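Good morning, and thank you for making time for this short report. I shall go through one model, and I ask you to keep the sequence and the coordinates in view as I speak.

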Amino acid sequence: MKTEKEKMISGEYYNAFDPELLKGRRAAKNLLHSLNVKEYRVTKKAKEILATLIPNAGAGLYIEPPFHCDYGYNIFCGDNVYFNVNCVVLDCAPVNIGSNVFIAPNVQIYTASHPLDAELRKTLENAYPVTIGDDCWIGGNSVICPGVTIGKGCVIGAGSVVTKDIPDNSLAVGNPAKIIRKLNQEPQQNT
């Protein structure tokens, strides 16, 4: 039989008030308090806190406090990932972030979801993974919804709400985010 944590990570309905999950969130909140209140500046101690909070990060993870997440252990980052101030990552399911990714202020990445059925919603929730490819820039105040994959080389415009997958090398903006054009392509020649 699966634990509630195993159910959570695999996208099944789970009880968020399971003692193991409560303990994990409490541990993350203690680390976040140290990062966001005691350290606040990016110091050697702040980097040690981040290494404990987000153990699955590559080299060069840089987070400007304040920062918020549920667990931290479900955030997987490549090298050179930058979070600007006041970002939120609800990492009930895995959040996979590639290398050389810039995440602007107030970006919110959600994996957590809730049943539409009111009775189920009283006791259960579920989560879907989010993936952001290499070389992306996520504009300020954007929201990345559960289950979304953003391809490599994408730019998400400020204030966008990304509800569907975005293919590689796309500029997407709006609510809901729509692809405006492809990036990194040769300009078309007039003939």
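Let me begin with a cysteine. At 18% relative accessibility, Cys-145 counts as buried, since the limit for that class is under 20%. I should say at once that this is a predicted model, and the values I quote are computed from it.

How far is the sulfur of Cys-145 from the closest cysteine sulfur? The distance is 14 Å, to Cys-92, which is too far for a bond. Cys-87 is likewise in no disulfide: its nearest cysteine sulfur belongs to Cys-77 and is 11 Å away. Cys-87 is also buried, with a relative accessibility of 0%. The count of disulfides in the model comes to 0.

I turn next to the aromatic residues. The count of aromatic pairs is 3, and I shall describe two of the pairs. Phe-67 and Phe-83 meet edge-to-face, with 5.3 Å from centre to centre and 70° between the planes. What does this pair tie together? Phe-67 belongs to strand 3, residues 67–69, and Phe-83 to strand 5, residues 81–83, so the contact links parts that are 16 residues apart in sequence. Phe-67 is buried at a relative accessible area of 0%, and Phe-83 is buried at 1%.

The rings of Tyr-71 and Tyr-73 form a tilted pair, because their planes stand at 40°; their centres are 5.3 Å apart. Are these two tyrosines buried or exposed? Tyr-71 counts as buried, at 4% relative accessibility, whereas Tyr-73 counts as partly exposed, at 23%. Tyr-73 has a further contact: the charged end of Lys-5 sits over its ring, 4.3 Å from the centre.

Lys-5 brings us to an annotation. The unreviewed UniProt entry assigns residues 5–59 to a domain named "Maltose/galactoside acetyltransferase". In the model, the chain over residues 5–59 is 67% helix and 4% strand. The C-alpha atoms at the two ends of that stretch lie 27 Å apart.

Helix 3 comprises residues 44–53, and its buried residues include Ala-46, Ile-49, Leu-50 and Leu-53. Why do these four fall on the same side of helix 3? They cover an arc of only 100° around the axis, which places them on one side. The underlying geometry is familiar: an α-helix has 3.6 residues a turn, so residues three or four places apart point the same way. On the face of helix 3 turned away from the buried side are the exposed residues Lys-44, Lys-47 and Thr-52.

Now to the strands. An open sheet is formed by 5 strands in the order 1-4-7-12-15, with parallel pairing. Its edge strands are strand 1, residues 56–57, and strand 15, residues 149–150, each of which pairs on one side only. Strand 1 pairs with strand 4, residues 75–77, in the parallel sense over 2 bridges. Within that pairing, Asn-56 stands opposite Phe-76.

I close with a hairpin. Strand 18, residues 170–173, and strand 19, residues 178–182, pair in the antiparallel sense over 4 bridges. Val-173 has Lys-178 in strand 19 as its bridge partner. There are 4 residues between the two strands, and Gly-174, in the turn, has a positive phi of about 105°.

Thank you for your attention.

Note on methods:
Residues are numbered from 1 along each chain as its sequence is written. This is a predicted model: local features need pLDDT of at least 70, side-chain atom pairs count only at pLDDT 80 or more; totals for chains, interfaces and linings use all residues. Side-chain values use heavy atoms; hydrogens and water are left out. Two strands pair if DSSP finds at least two bridges between them. UniProt positions are given in the numbering used here, feature names are shortened, and annotations may be inferred rather than shown by experiment. Rings of Phe, Tyr and Trp (its six-membered ring) pair if their centres lie within 6.5 Å; planes under 30 degrees apart count as stacked, over 60 as edge-to-face and the rest as tilted. Buried means under 20% relative accessible area, exposed over 50%, partly exposed in between (1.4 Å probe, protein chains only). A charge sits over a ring if NZ of Lys or CZ of Arg is within 6 Å of the ring centre and within 35 degrees of the ring normal. A disulfide is a pair of cysteine sulfur atoms within 2.5 Å. The arc is that of the directions from the helix axis to the C-beta atoms.
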